[in-house]
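Colleague: I'd like to learn how to read this one feature by feature. Could you walk me through it?

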Amino acid sequence: MARSSKSATKQRSSKSKQVKSAVRNNINDKLKDELLSYYRDMVLIRRFEEKAGQLYGMGLIGGFCHLYIGQEAVVVGMQAAIDSKSSVVTSYRDHGHMLACGMDPSGVMAELTGRVGGYSKGKGGSMHMFSREKNFFGGHGIVAAQVPIGTGLAFGHKYRDEEAVCLTYLGDGAINQGQVYESFNMAALWQLPCIYIIENNQYGMGTAVSRAAAGRELADRGAAYGIPGDKVDGMDVLEVKKAGERAVEHAISGKGPYILEMTTYRYRGHSMSDPAKYRTKDEVNKMRQERDPIDNVKEKLLLTGLEEKSLKDIDASIRQIVSEAVEFAQTSPEPDPQELYTDVLVNN
Amino acid sequence: MPVEILMPALSPTMTEGKLFKWLKEEGESIEPGDAVAEIETDKATMEVEAVDSGILQKILVAEDTEGVPVNTPIAVLLLDGEDNGTSSENQGDKAPLVVDRQTSDLSISQSDESSPPQGQGRVDVYTQTVREALRDAMAEEMRADNSVFVMGEEVAEYEGAYKVTQGLLKEFGDKRVIDTPITEHGFAGLGVGAAFGNLKPVIEFMTFNFAMQAMDQIINSAAKTLYMSGGQMGCPIVFRGPNGAASRVAAQHSQNLTSWFAHCPGLKVIAPWSAADAKGLLKAAIRDPNPVVFLENEVLYGQSFEVPGDPEIIVPIGKANIVSSGTDVTIVAFSIMVGKALEAASQLADDGIDAEVIDLRTIRPLDEETIIKSVAKTNRIVVVEEGWPTCGIGSEMAALMMEKSFDCLDAPLIRVCGEDVPMPYAANLEMLALPQVADIVKAAKTVCYQG
């Protein structure tokens, strides 16, 4: 507030200054709207994941449940760099990606609880959800299996001459799987519009990257195939978006694949059953306090002169969306026993 | 002394070939290295060259002769300095020809002749090898649907390691006929992604031995995603290539993996025997919205059958075929074992046993009805498979009989399977490891209590 009124006093001093300021304000407004949208998307993911964690603790969600808390800026920034024609595929840490693709939080939450209202009618669970409508192709449970699949989706875009890319997300654990390099080779050979986003959250389950990955930066893992790679601050949504736009421009213009290594951090364990004893509480707290992607955007927004109340209003509306999702996920019935036998094959 | 030139074996699986063309005439002189004839093997047409110099005295097998067994004398060569009066009946040394190089272009023109004429009236039936039938199936489906493409190792410029994709690159170009690096896990997964994106990939594995590298993508990604997505994510893909025992290539390249795939829900598994079924079922597989594992057989590629010419004829998936009807015993087989079962049936007929031979054609979903009906008539069943016995297709059939045909059986089912060992290299051991006609005959007699 203080900063804003000071600027208003200066504006009165001359006309030319007024014009410059108007332009600046205009840019400021644009940035503000953009940041607000990122804030909303990231807070939705965080609140959703926190709630999923709670429901897991209550026994309402079973099996594996890999939370995305801490990594929100990566998917939100990347999603801002593509349009709706492009496709997205990821691993099992996928709730954030689905929400960022615009999938309905209630449908996602109901899948977590194994109910018929879930995206896969309760038959996929946390790791296996899809939406053809939103061009979200999963949700894959086998580490790195989504990498050739994403490469194939990119192959399809090129085959049909579409102006689209496939965003293929993988973790720092997946980067050591052989099929990743089989994919890099083919993507580079055939110049497929595939962007490989390595979400380096520092640990493949309990193993630190330094204990699992030899050589230089993960961003350089495509160097042998001539695939450009950038290391990006994955905790800063604007940096992510900037890098994403660079990669999309490269891929869509026919120059082939691109690798983005996003340095990020997951606050929770690998899955809900991981006590995370391979790292200190201090390490986690330091990241949360100093590098949190949502706090980062919040600070920037307050600097634009936005009132904190506006953010609180957003928070409230998100809480409402999440509680509706939880309500739906608990009231939607379990799938009919007959569903056991459906969807094994397409009937033809 | 004149030398007999023998029909050479030009591939591991070749037992006979077609003498396609003589490149030298009788009376013509030959130098070592001269190409003397073109021989069509089960994989390609090869030029063969002479080892000795002399004069081609007599041609014993005319060109265009099919089914010439390996080691048959095909010509007589009069060595330099020998009396021209020596006749071919005289005893002579035997000299097989030496392989020179492949001339696959010749074999394309040859196979084109056996294809139905394009764009004119439909030919009812014509004779074709399994190899050609498979190629025509792909070509016809590619003509009909732009979203069908073929991908694999050596499928484009080399025209297929077993020449199954011959001519496809020329007709459809490199956008739709794609040579991959040697990277099975990768291109199987890429195919799955392309299928999720509504294309219809035909993924060739050079052999299914190499598909084991890609098992995760076939089972975990292709077969299961429809279910895991609640029906949203179909995967219209065909994985095809030769499966089963080849010849003298030992344990890693000679094995039958049918039951691996047949075990998994979400897949359809096809293993045809005849060229007509190979064509009709591959077309059905490409049109099917589900992932299909299409198991061919290297030894069958060169065998000829009658094939209907109408490109609209497809063979439905999931239907077995009674290839020979009978009343005394049901012999169930698939893929190459159908031929052996038919031979066995013919020998059994000599002993007064009237065998019914069923070609399963599709392994998953299994046509239980046809088998059950047959056993209700014959009350006896022998199941023949090339693969290992444990958890095999024969075991599945035994369970089916217990569950659904128990009261019809007059004798316990007998499985005739490959031996429960890795495939040996030595010729005699290899023969012992694989089911032979005599094994089938013996099993059939046993269930008929005539052993």
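Modeller: Sure. Strands here are DSSP runs of E, at least two residues long, numbered from the N terminus. Keep in mind that this is a predicted model. Now take B:E306, which sits in strand β18 of chain B, residues 304-308.

Colleague: Is B:E306 buried or exposed?

Modeller: The cut-off for exposed is 12 or fewer other C-beta atoms within 10 Å. B:E306 has 12 C-beta neighbours inside 10 Å, so it counts as exposed.

Colleague: And which residues does B:E306 touch, leaving aside those up to four places away in sequence?

Modeller: Contact means C-beta atoms within 7 Å. On that basis B:E306 touches B:V125, B:T127 and B:A276. Look at B:Y126 too: it is 180 residues from B:E306 along the chain, yet their C-alpha atoms are 5.4 Å apart.

Colleague: How is chain B divided into domains?

Modeller: There are domain 1 (3-102), domain 2 (106-308) and domain 3 (321-447). The C-alpha centres of domains 2 and 3 of chain B are separated by 26 Å, and 24 residues of domain 2 meet 24 residues of domain 3. On the domain 2 side, α7 (258-262), β16 (268-270) and α8 (275-287) of chain B each give two or more residues. That side has 14 nonpolar, 7 polar and 3 charged residues.

Colleague: How many residues of chain A are in contact with chain B?

Modeller: It's 34 residues of chain A against 34 of chain B. In chain A, β2 (136-139), α6 (146-159) and α7 (178-189) each supply at least two, and α6(A) gives the most, with 9 residues. The chain A side divides into 14 nonpolar, 15 polar and 5 charged residues.

Conventions. Residues numbered from 1 in each chain as written. Chains lettered and ligands numbered in written order. Predicted model: local features only at pLDDT ≥ 70, side-chain atom pairs only at ≥ 80, totals over all residues. Contact = placed C-beta atoms within 7 Å. Helix = DSSP H or I, 4+ residues; strand = E, 2+ residues; numbered from the N terminus. Nonpolar A, V, L, I, M, F, W, Y, C, P; charged D, E, K, R; others polar. Domains from an automatic or database assignment. Buried ≥ 20, exposed ≤ 12 C-beta atoms within 10 Å, placed from the backbone.
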